[in-house]
Amino acid sequence: MPGLSLNDLSSLPIETEEPEFEVDWVLVYDFSEIESSEAIEEFTTLIKDLETVGLQCQVRHGYGLSVLVLLRVPRNLLGNEVYRSRVKDWLFSIVHTRPIGDKSTVVKAKSSAEALRTVYHLVTWTHEQGGAGVTASFGQWTRIRSSFPPHEAGATRKLLGRLARKMVVDMDDLDRINDLFGEKVAFYYAFIQCYSLFLIVPAAAGILCWIFGEPYSFSFATFLLAWGIFFTEYWKRQEIDLSVRWNVRGVAALKVNRPQYTWERQDVDPITGQVRRVFPIYKRLARQALFFPFAMLAGLALGAALAATFFLEAFISDVYDGSTEDHHWTLSYLPTITLSCCLPFILSSLTSIASRMSEYENYRTNDDYDLAQTRKTFVLNFVVSFLPIFITAYIYVPYGNRLLLYFTPSSWTAAIKVLQNLQIDPERLQQEVISLSMTGQVMSFGEEVVVPYLRGRASARWREYKRESQVSRSMHMRKDSDQTERTFLRDSPHESAMLSRIRWEAEADVYDVHEDIMEMCVQFGYLVLFGVAWPLMPLGFLVNNWIELRGDLFKLCEGSQRPAPIRADSIGHSIAALELLTWLGSLSTAALAYLYHGEQPMSQIRLSYLLLIVFISEQAFLGFKLLVSYSLSIIGSQVVREAESKRFLMRKTYLETFSEEAASTSQEELARIRSTGQRSEDASRTEKGAGSGKDSRATTGTKARNLRDGPDVQPMKEGSREEDDYQTETAQRFWESKKEDQMSTVEAGARLIVALKELHQHRINHMPSNDVDKSK
């Protein structure tokens, strides 16, 4: 069988460079806090666990006191595990075509993501599940600092160049992203592309409303409400189409326990005999209840800070009448600018605490953990992003004059004459919406893409320069350095570029697609909740999203570690957040249109009319949502219809095959019964009947196989899980170098650990006393 390269790009729609070294996975082992003997023992256990499941290992030095463990899966083993994964998909009805083969079958992965997902399972799954049980920063592997697949530089560069020259991301581009990074990431880019295309219509309507209409138009408010409902319902159907296209419909059924999950007892299922590891539900509920006081305290603290900042800004802009008119605008917006700079750090800290709380709640599967984390993140983002505008719209503008009089000291009231007849300008709401929505998008892009990329590149160059200078200085000062140091502490010329890239990726940030999805949910919330205040908001978001999509892809390819290609059949539980925001938008949009439409003073607003309008808007929301959902279900989906047609033809062919085989078998049995007494003729007649039966079964079997989508398969010979073929001579020399040197990976790693420890100690001994103290 020809060797199967993980990056065999002939099966990919993207044309990429052939990898030279075929490195499938990378582990970074940091031993800076332990002694050499303990590090060698732990490293030996690590390599044995990896090699037990059939992985090939190579070791190279990393930054500081760390080593890179480079992993490769033999291609026969990889192909067999891919086949087993497809069989499991068929058993759980994710795909409806039975894969051809048996337990020794080897197949080619359809994409790089499918192959990498298999590697990810071999590395991280527990021993009971058939993996090595190596999870970074957890359990006995707390010193595994990073665990990631390396980027395919050629493929990512061509993908970025392709999208940079296009205005719209089409389905072919989404398939390319899916083939490289998996369905979970691809669903995000499909969502932002669909959302951006939908923004074209409200952007055009907003421009017309801005030119010919008036602020807080009832017609534009109605349009936004209908647009939000139609988009959420359409996207739910689009998720089904994509999941069918990518063969991940219902993939949530394939749930395995998280490595972090702990249990208190084991129950045996009386029917299946399967052992279930159980954590008491009442304990989890008690732990979940801790989030409510945390959310309340965080909301109160953030609300107090936002209210104080807002009132300070309002006091400066509406009350202050000082002599520095040239700096009046700067002073009035200084509190908001300061708060906008602090909010990302506050939100990051709160999200980190929420993540630890989700870990403490001890969820069994990743889906349950993602659900809990999405809920917490949404609540925190809602408070941080929307609370200032709610305070502006429903507290400050209607009641600001009374509140300023109440909170202003009496000595100030006499001095500020304008306060007695103060009228709050309703345009302040529009200014607040523009400031927080558009400024937040720009700051978020710089914080997520530009700053991490520049910081990462500068840090990587500094680390590489520092490492090279330390090694060169040590080699020059230590004439007695042995061959191990010269071999392992210096990169060979043909490996230098590859190792430099992997070292940089090891220090890069971990890409979290949930953050990008939540950012789009917050943007959608700004539009459906407060878009009526500024009709040009959809246009601003449309331009931002065109840049955001390419910026996020650049961050993924050039500024972050490559994520494990996890499968998903939707954007997760964020769709529930979109539906909640749409419902809240039906209330908020109607209220804002009534409160701020026209030039009527706030004193003439009647609460009964406001409640009636809000109630009518909510009922219209429910009715229109039901109508849109029913209409889309009637229209249906072409992708789903084609999939159902294929399944119908497959069932029909199987039934025809079964009928022909049954008829052939019946004729053979009848011939045997009638042929008593003529054994010689019976034997020849039986042979002919068997031959015709074989021909019939072969013909029908070929007809059935024509409906199958699976690639060509090849049986795996006895013992061939250890055999391998390499795609390039460079890869063969790289992975078989230890055989030529008669040195195992464990021995090479042990000698490298000792050499790095001695180099570190030698550097400390030759440093000035002040630098030694800093190093310690």
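Start by selecting Tyr-195 and Phe-524: both are buried. Keep in mind that you're looking at a predicted model. Now check how the two rings sit. Their centres are 6.2 Å apart and their planes meet at 70 degrees, so this pair counts as edge-to-face. Next, colour helix α6 (residues 183-198), home of Tyr-195, and helix α17, home of Phe-524; the pair ties together parts that are 329 residues apart in sequence, because each ring belongs to one of these helices.

Stay here and add some company. Ring pairs join Tyr-195 and Phe-524 into a cluster with Phe-191, Phe-198, Trp-227, Phe-230, Phe-231, Tyr-234 and Trp-235.

Click on Trp-235 next. Which residues does Trp-235 contact, leaving aside neighbours within four places in sequence? You'll find Phe-187, Ala-190, Phe-191, Cys-194, Leu-242, Ile-571 and Ile-575.

Time to zoom out. The largest nonpolar core has 81 residues, and Tyr-189, Tyr-195, Trp-235 and Tyr-526 touch the most other members. Helix α17 (residues 513-530) gives the most to this core, with 12 residues. There's also a second, separate core of 41 residues; try selecting Cys-57, Val-73, Ala-109 and Val-746, which are among its members.

Now hop over to helix α10 (residues 291-318). Phe-291 and Phe-294 are 3 residues apart there, so about one helical turn separates them. Both are buried, and their rings make a tilted pair, 5.9 Å centre to centre with 50 degrees between the planes. Add Lys-376 to your selection: it lies over the face of Phe-291, 5.3 Å from the ring centre.

Last stop: select Arg-606 and Tyr-609. Arg-606 lies over the face of Tyr-609, at 4.7 Å from the ring centre.

Notes: Residues are numbered from 1 along each chain as its sequence is written. This is a predicted model: local features need pLDDT of at least 70, side-chain atom pairs count only at pLDDT 80 or more; totals for chains, interfaces and linings use all residues. Side-chain values use heavy atoms; hydrogens and water are left out. A nonpolar core is a set of buried Ala, Val, Leu, Ile, Met, Phe, Trp, Tyr and Cys residues joined through side-chain atoms within 4.5 Å. Buried means under 20% relative accessible area, exposed over 50%, partly exposed in between (1.4 Å probe, protein chains only). Helices (H or I, at least four residues) and strands (E, at least two) are DSSP runs, numbered from the N terminus. Contact means heavy atoms within 4.5 Å. Rings of Phe, Tyr and Trp (its six-membered ring) pair if their centres lie within 6.5 Å; planes under 30 degrees apart count as stacked, over 60 as edge-to-face and the rest as tilted. A charge sits over a ring if NZ of Lys or CZ of Arg is within 6 Å of the ring centre and within 35 degrees of the ring normal.
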